[in-house]
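Here is a short report on one protein model. It covers domains, a ligand shell and a helix pair.

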Amino acid sequence: MNGNQALSSSAKIPVGISSCLMGHEVRWDGGHKANSYILKTLGEYFDFRPFCPELDIGLGVPRKPMQLTRHGLNAIHCVSIDDETKDFTPALCECADSQRRWHEQLCGYILKKDSPSCGMAGVKVRGETMSSEDGIGVYAGTMMENFPDLPVEEEDRLGRPALRENFIQRVFAMARWQKLLELGLSKDRLVDFHARHKLMIMSHDPGSQRNLQKIVAAMNTENLRENAQEYLSQFMAVLRIPATRSKHVNVLQYILGHLNGSLDAGKKQQIIQTIEKYRIGRVSLIAPITLLSHYVNAHSDSNISNSWYMDPYPSALRLQHVS
Ligand code: SF4
């Protein structure tokens with residue numbers, strides 16, 4: 001059983017979510033924004049923990065809607081749409097701060113787009129003379145400041161395959177990190193974690209692989225926690241960089257290089273052709289990975305076969321499209 005099977009069969013991954021996306025009727029008008037992909041597909045693997053910050057700070061349903069406002073160069077505030085003296089900013093910040101214990105156990109968070117409380121980015125901000133779309137929901141912003149490594153995404157952006165795949169990959173990576181912490185932090189476990197993510201890191205940002213390796217190599221009993229935190233921050237930042245077709249081609253060729261001595265000319269040619277078909281967009285990434293996996297497993301190359309790159313998350317969620 002591989003790690004993902006273990007994760008999916010023994011325990012779903014804890015992921016926070018804006019309650020209205022779960023179909024809870026908590027919006028200002030008593031409505032909801034249930035999202036069937038999130039509920040049905042991601043819900044098979046994620047243990048959703050719904051939370052509505054506006055209800056948590058004592059607002060009822062229905063209620064007056066809120067908006068973000070800015071006066072001159074002053075900070076952005078979240079106020080009632082019909083009465084700017086009703087400023088909910090401190091309450092929403094406190095609400096996010098009070099959820100720290102819960103947030104630190106999560107492996108991801110799905111937020112409601114455009115909300116002055118929950119929006120991740122691009123929320124409308126009303127100014128004195130004109131509006132802009134550069135705000136962050138107050139609850140979401142505080143949570144992201146407190147936990148900058150937490151994978152966060154909005155429901156709307158999950159409709160875009162590359163962003164969806166990137167988010168899912170980060171959530172599963174964070175779940176493996178949390179598992180490592182549960183088992184107990186040690187240099188050996190970090191060495192193994194890095195080794196199994198090396199190809200994945202290369203598919204996002206090849207140059208970072210060495211930097212991360214240096215952090216692992218510099219670990220000792222005195223700096224273990226500090227270096228592990230530094231590793232996690234850099235690792236999650238690397239995974240946020242979009243993987244591209246050309247970077248994947250480099251990784252596939254790297255894997256092929258490991259197999260070179262054990263393949264006859266015909267098999268090698270078949271793999272080269274499949275990688276080329278992927279490079280020009282005629283097949284998806286899963287085609288060369290499946291082919292390479294077959295030979296990697298047959299030749300017991302554990303460095304590659306144990307890599308999370310070959311099996312990043314359950315196949316039902318796998319898109320591996322990367323254009
Ligand atoms: S967007 Fe956030 S604050 Fe608004 S209803 Fe949904 S969960 Fe509640």
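The text below takes these topics in turn.

The model is predicted. The protein is divided into domain 1, residues 13-159, and domain 2, residues 160-323. Their centres, taken over C-alpha atoms, are separated by 32 Å. At the interface, 12 residues of domain 1 are in contact with 15 residues of domain 2. The side of domain 1 that touches domain 2 has 6 nonpolar, 2 polar and 4 charged residues.

Next, the ligand. Its surroundings include Ser18, Ser19, Cys20, Val26 and Arg27. Cys52, Pro53 and Glu54 also surround the ligand, as do Lys112, Ser115, Ser117 and Cys118. By class, this shell holds 5 nonpolar, 4 polar and 3 charged residues.

Now the helix pair. Helix α9 spans residues 208-217 and helix α10 spans residues 224-240. The two axes come within 9 Å and cross at roughly 165 degrees. An angle over 145 degrees counts as roughly antiparallel, and α9 and α10 are therefore roughly antiparallel to each other. Their crossing is left-handed. On the α9 side, the contact is made by Ser208, Asn211, Leu212, Ile215 and Val216. On the α10 side, Asn227, Glu230, Tyr231, Gln234, Phe235 and Val238 take part. The residues of this contact divide into 6 nonpolar, 4 polar and 1 charged.

The class counts are set out here.

| Residue set | Nonpolar | Polar | Charged |
|---|---|---|---|
| Shell around the ligand | 5 residues | 4 residues | 3 residues |
| Contact of α9 with α10 | 6 residues | 4 residues | 1 residue |
| Side of domain 1 that touches domain 2 | 6 residues | 2 residues | 4 residues |

Conventions:
Residues are numbered from 1 along each chain as its sequence is written. This is a predicted model: local features need pLDDT of at least 70, side-chain atom pairs count only at pLDDT 80 or more; totals for chains, interfaces and linings use all residues. A residue is near a molecule or strand if its C-beta atom, placed from the backbone, lies within 6 Å of it. Ala, Val, Leu, Ile, Met, Phe, Trp, Tyr, Cys and Pro count as nonpolar, Asp, Glu, Lys and Arg as charged, and the others, Gly among them, as polar. Axes are lines fitted to C-alpha atoms, for helices over the stretch in contact, and angles run from 0 to 180 degrees between N-to-C directions. Helices (H or I, at least four residues) and strands (E, at least two) are DSSP runs, numbered from the N terminus. Angles under 35 degrees count as roughly parallel, over 145 as roughly antiparallel, 65 to 115 as roughly perpendicular and the rest as oblique. A crossing is left-handed if the near helix is turned anticlockwise from the far one by less than a right angle, and right-handed if clockwise. Two residues are in contact if their C-beta atoms, placed from the backbone, lie within 7 Å. Domain bounds come from an automatic or database domain assignment.
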